[in-house]
Amino acid sequence: MDATRLIKPLLDKEYPMISHGDGIYLYDTNGKRYIDGSSGAITASIGHGVKEIIEEIEKQANKISFVYRSQFTSEPAEKLAKKLSDLAKGGEYWSFFVNSGSEATETAMKIAIQHWQEKGIKGKNKILSRWMSYHGITIGALSMSGHTGRRARFVPLLEDFPTIQPPYCFRCPFNATYPACNHMCATELEQAINRIGADHIAAFIAEPIIGAAGGAIVPPPGYYQVIKEICKKHNILFIADEVMTGMGRTGKMFALEHWDTHADIIALGKGMSAGYTPIAATLVSEKVMEPIQKGSKLIMSGHTYSANPQSTAVALAVVSYIETHNLVEKSAKNGKYLNTKLEELQKKHPIIGDVRGKGLMCGIEFVSDMITKFPFKKEIDLTSLVVSQGQNNGLLLYPAAAGIEGVGGDAILVAPPLTITTQQIDELIELLDQTFEDVEAELQKKGIIST
């Protein structure tokens with residue numbers, strides 16, 4: 001090929017050329033096979049090359065692929081909005097369709113602020129969030145993100161929305177232990193509200209399970225019930241960022257269901273279309289929509305490709321596939337099996353400090369010492385070593401941040417398509433085991449760990 005003009009994640013790295021995919025497997029143009037152990041970016045939830053979705057893409061393209069939302073609505077968009085409302089717990093929801101998770105969370109932020117403006121309350125403009133969180137790369141979404149590494153270059157442009165500590169039980173910021181901690185990581189929200197003033201706060205946003213910023217950090221039981229009660233008490237909206245966790249990934253259609261809690265606004269993406277088309281959504285409850293319906297009757301947001309019939313038809317087909325093949329239930333069942341296998345690897349490999357997650361969203365955090373939980377030195381860049389060696393071995397993994405404040409630590413996400421079988425999980429585990437053996441051998445060779 002001629003010299004590339006494509007901006008890739010690392011400009012000086014050579015990437016294999018993808019050829020095709022089949023189920024949980026990907027193949028490059030050299031014929032090498034990879035297990036998609038991370039569903040790409042926790043996206044390809046129903047696997048690759050699913051004929052039902054491919055047929056729907058062609059079927060809709062033969063009708064109409066694009067219309068502008070200010071001129072037409074479409075049957076696929078209307079049906080998808082109704083379907084998502086039916087799936088979400090906690091009442092009726094409206095859908096605003098966008099192109100990416102970053103746009104979905106930023107739209108959620110804007111709608112939350114507009115909600116209060118339409119009620120005549122102009123001062124509620126701040127969005128509170130947690131450190132060790134990631135809500136997207138646009139300026140608004142990044143302002144809500146407590147991911148120090150991704151914020152670093154743009155801090156002068158960002159709002160100071162990250163306020164409270166994450167529910168990081170493996171490295172509790174309060175040096176406490178659940179349940180004796182009495183949910184200090186949740187009650188800290190009330191302290192932050194009291195310091196800032198509820199009159200200035202429109203909403204609080206959180207990932208039900210922290211993904212890229214923490215390696216599948218799962219809050220303890222009761223956590224979101226406390227969060228929701230605090231928000232209700234202080235007249236603050238609760239936004240659930242389900243971009244990574246939604247659509248069955250964690251063994252529930254929406255991860256917040258694990259805590260028997262519902263949100264006022266929900267951001268969806270990734271598994272909503274399983275990677276077959278770019279689409280995401282902001283789901284807005286009737287409570288939030290009511291003053292807007294009675295007021296301006298206009299959500300002040302919009303994108304050229306919002307609600308286009310091609311993407312909404314594909315997403316509707318993906319949701320149907322998830323339901324028809326009982327993938328939410330399979331995610332819960334096979335997720336327990338995967339977690340058990342990962343815990344077995346933890347006993348074998350001293351670099352594994354913690355295994356966590358729900359359903360088929362599992363995280364592994366690495367440590368240099370299992371007793372002290374000390375992470376590896378930053379210059380070792382263990383996460384990159386593991387991800388790179390995994391790909392060499394034919395296993396794709398997703399890098400994640402870890403450690404105090406989300407810096408200085410190493411973690412990965414293991415999140416294969418929801419269609420994976422137990423036999424394929426065994427195959428994945430075999431490759432992961434080999435990857436850890438290879439990495440540990442390299443660390444021993446360099447004198448970083450002892451034999």
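# Helices 11, 12 and 13: how the labels are earned

Guide: In this predicted model, helix 11 (residues 327-348) packs against helix 13 at an angle of about 25°, with their axes 10 Å apart.

Visitor: What makes helix 11 roughly parallel to helix 13?

Guide: The angle is about 25°, and angles under 35 degrees count as roughly parallel. So helix 11 is roughly parallel to helix 13. The crossing of the two is right-handed.

Visitor: Which residues of helix 11 and helix 13 make the contact?

Guide: From helix 11 you have Asn334, Tyr337, Leu338, Lys341, Leu342, Leu345 and Lys348. Helix 13 brings Thr422, Ile425, Asp426, Ile429, Leu432, Asp433, Phe436 and Glu437. By class, that gives eight nonpolar, two polar and five charged residues.

Visitor: On to helix 12. Why is helix 12 called oblique to helix 13?

Guide: Helix 12 and helix 13 pack at about 130°, and their axes are 9 Å apart. Roughly antiparallel needs over 145 degrees, and roughly perpendicular runs from 65 to 115. An angle of about 130° fits neither, so helix 12 is oblique to helix 13. This crossing is right-handed. Its contact joins Leu382, Leu385, Val386, Gln389 and Gly390 of helix 12 to Thr435, Phe436, Asp438, Val439 and Leu443 of helix 13. Sorted by class, those are six nonpolar, three polar and one charged.

Visitor: How do you know that the buried residues of helix 12 line one face?

Guide: The buried ones are Leu382, Thr383, Val386, Val387 and Gly390. Looking down the axis of helix 12, they fall within an arc of 135°, so they line one face. The spacing rule behind such patterns is simple: an α-helix has 3.6 residues a turn, so residues three or four places apart point the same way.

Visitor: What do the buried residues of helix 12 pack against?

Guide: Their partners are strand 12 (361-366), strand 13 (398-400), strand 14 (410-414) and helix 13 (422-445). Just after helix 12, by the way, glycine 394 has a positive phi of about 90°.

Visitor: Valine 367 sits in the loop between strand 12 and helix 12. Why does valine 367 count as buried?

Guide: Buried means under 20% relative accessible area. Valine 367 comes in at 1%, so valine 367 counts as buried.

Visitor: Which residues is valine 367 in contact with, leaving aside its neighbours within four places in sequence?

Guide: Among them are Phe170, Arg171, Pro350, Ile352, Lys373 and Phe376. Also, the C-alpha atoms of valine 367 and aspartate 410 are 7.6 Å apart, though 43 residues separate the two along the chain.

Conventions
Residues are numbered from 1 along each chain as its sequence is written. This is a predicted model: local features need pLDDT of at least 70, side-chain atom pairs count only at pLDDT 80 or more; totals for chains, interfaces and linings use all residues. Side-chain values use heavy atoms; hydrogens and water are left out. Buried means under 20% relative accessible area, exposed over 50%, partly exposed in between (1.4 Å probe, protein chains only). Helices (H or I, at least four residues) and strands (E, at least two) are DSSP runs, numbered from the N terminus. The arc is that of the directions from the helix axis to the C-beta atoms. Contact means heavy atoms within 4.5 Å. Axes are lines fitted to C-alpha atoms, for helices over the stretch in contact, and angles run from 0 to 180 degrees between N-to-C directions. A crossing is left-handed if the near helix is turned anticlockwise from the far one by less than a right angle, and right-handed if clockwise. Ala, Val, Leu, Ile, Met, Phe, Trp, Tyr, Cys and Pro count as nonpolar, Asp, Glu, Lys and Arg as charged, and the others, Gly among them, as polar.
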